[in-house]
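Below are some notes on the model you passed to me, set out as numbered points. Please read them with the structure open beside you.

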Amino acid sequence: LGTGIIVTAARAELIATEDLEYALATMATLNKEAAAAMNDTGASACTDITGFGLLGHAYEMATASGVTIEINTSAVPLLPATLNAASMGLIPAGAYRNRDHFSPHVRTGDEIDATFLLTLYDPQTAGGLLIAVPPEKETAFVAACRQRNVNAVRIGRVLPRIEEWAIIIT
């Protein structure tokens, strides 16, 4: 995550060339191999993370499925320089719009850093996939991703619907 923030920092000419190049290479990577791993192992849901950011797209998945998605912030991968750029205020306006729209459905603890939280609302210029895999298929899914040289990270879990909360951030 962090492509929208990185692009915003690049427009302001406040990012190192190597950080921008890494982000561009990440954005140019297709989701084809991740999708193949997902199809081979029987994922139950998937969405690409783009304009609504991670939390917006997770909200859509949770709402459509009648569940709550718990996201562990310590597991969420960010592109290098994302937090630094965000701490300088280089956050796209879309992140604030996403926060304003989706935050009524997101429960966060007081310990979650506000700047980090905005990175979860960052509208991705080109993002990866948010894939739901049944627990019994997680090991096979991760192995299939590794075989295809795809970085797969478990960032949370699916819970039965908890009141009005589509997303819980821990």
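1. In this predicted model, Glu-13, which comes just after helix H1, takes a positive phi of about 55°. Helix H1 itself spans residues 3-11 and is mostly covered, with 7 of its 9 residues buried. The buried residues of H1 are Thr-3, Gly-4, Ile-5, Ile-6, Val-7, Thr-8 and Ala-9, and what covers them includes helix H2 (17-28), helix H5 (82-87) and H7.

2. Asp-122 deserves a careful look, since two of the buried H1 residues, Thr-3 and Ile-5, are among the residues that Asp-122 touches. Asp-122 is placed in the loop between helix H7 (114-121) and strand E4 (129-132). Leaving aside residues up to four places away in sequence, Asp-122 touches Gly-2, Thr-3, Gly-4, Ile-5, Thr-50, Gly-53, Pro-92 and Ala-95.

3. Which side chain of opposite charge is nearest to Asp-122, and how far away is it? That side chain belongs to Arg-11, at 9.5 Å, and Asp-122, although buried, has no salt bridge. For a salt bridge, a side-chain nitrogen of Lys or Arg would have to lie within 4 Å of a carboxyl oxygen of Asp or Glu. The side chain of Asp-122 does, however, have polar partners: it reaches the backbone nitrogen of Ile-5 at 3.2 Å, and it makes a polar contact with the side chain of Gln-124 at 2.9 Å.

4. On aromatic side chains, a search of the whole structure finds 2 aromatic pairs. In one of them, Phe-52 and Phe-102 meet edge-to-face, with 5.7 Å from centre to centre and 70° between the planes. This pair links distant parts of the chain, 50 residues apart, with Phe-52 in the loop between strand E1 (45-48) and H4, and Phe-102 in helix H6 (residues 93-102). Phe-52 is partly exposed, because its relative accessible area is 37%, whereas Phe-102 counts as buried because its relative accessibility is 3%.

5. Tyr-59 and Phe-102 also form an aromatic pair, this one tilted, at 5.4 Å centre to centre with 50° between the planes. Here too the pair links distant parts of the chain, Tyr-59 in helix H4 and Phe-102 in helix H6, 43 residues apart. Both Tyr-59 and Phe-102 are buried, and ring pairs link Phe-52, Tyr-59 and Phe-102 into a cluster.

6. Tyr-59, which lies in helix H4 (residues 53-65), has a relative accessibility of 18% and therefore counts as buried, the cut-off being under 20%. Not counting residues up to four places away in sequence, Tyr-59 touches Phe-102, His-105, Ala-166 and Ile-167. Of these contacts, His-105 is 46 residues from Tyr-59 in sequence, while the two are 7.7 Å apart in space, C-alpha to C-alpha.

7. How many disulfides does a search of the whole structure find? The search finds 0 disulfides. Cys-46 is in no disulfide, and the nearest cysteine sulfur, that of Cys-145, is 11 Å away. Why is there no bond from the sulfur of Cys-145 to the closest cysteine sulfur? The sulfur of Cys-145 is 11 Å from that of Cys-46, which is too far for a bond, given that a disulfide needs sulfur atoms within 2.5 Å. As for their surroundings, Cys-46 is partly exposed, with a relative accessible area of 34%, whereas Cys-145 is buried, with a relative accessible area of 0%.

Notes
Residues numbered from 1 in each chain as written. Predicted model: local features only at pLDDT ≥ 70, side-chain atom pairs only at ≥ 80, totals over all residues. Heavy atoms only, no water. Helix = DSSP H or I, 4+ residues; strand = E, 2+ residues; numbered from the N terminus. Buried < 20%, exposed > 50% of the residue type's maximum accessible area, 1.4 Å probe, protein only. Lys, Arg positive; Asp, Glu negative; His and termini not counted. Polar contact = N/O pair within 3.5 Å; in protein donor to acceptor, adjacent residues only side chain to side chain. Contact = heavy atoms within 4.5 Å. Phe/Tyr/Trp six-rings, centres within 6.5 Å; stacked < 30°, edge-to-face > 60°.
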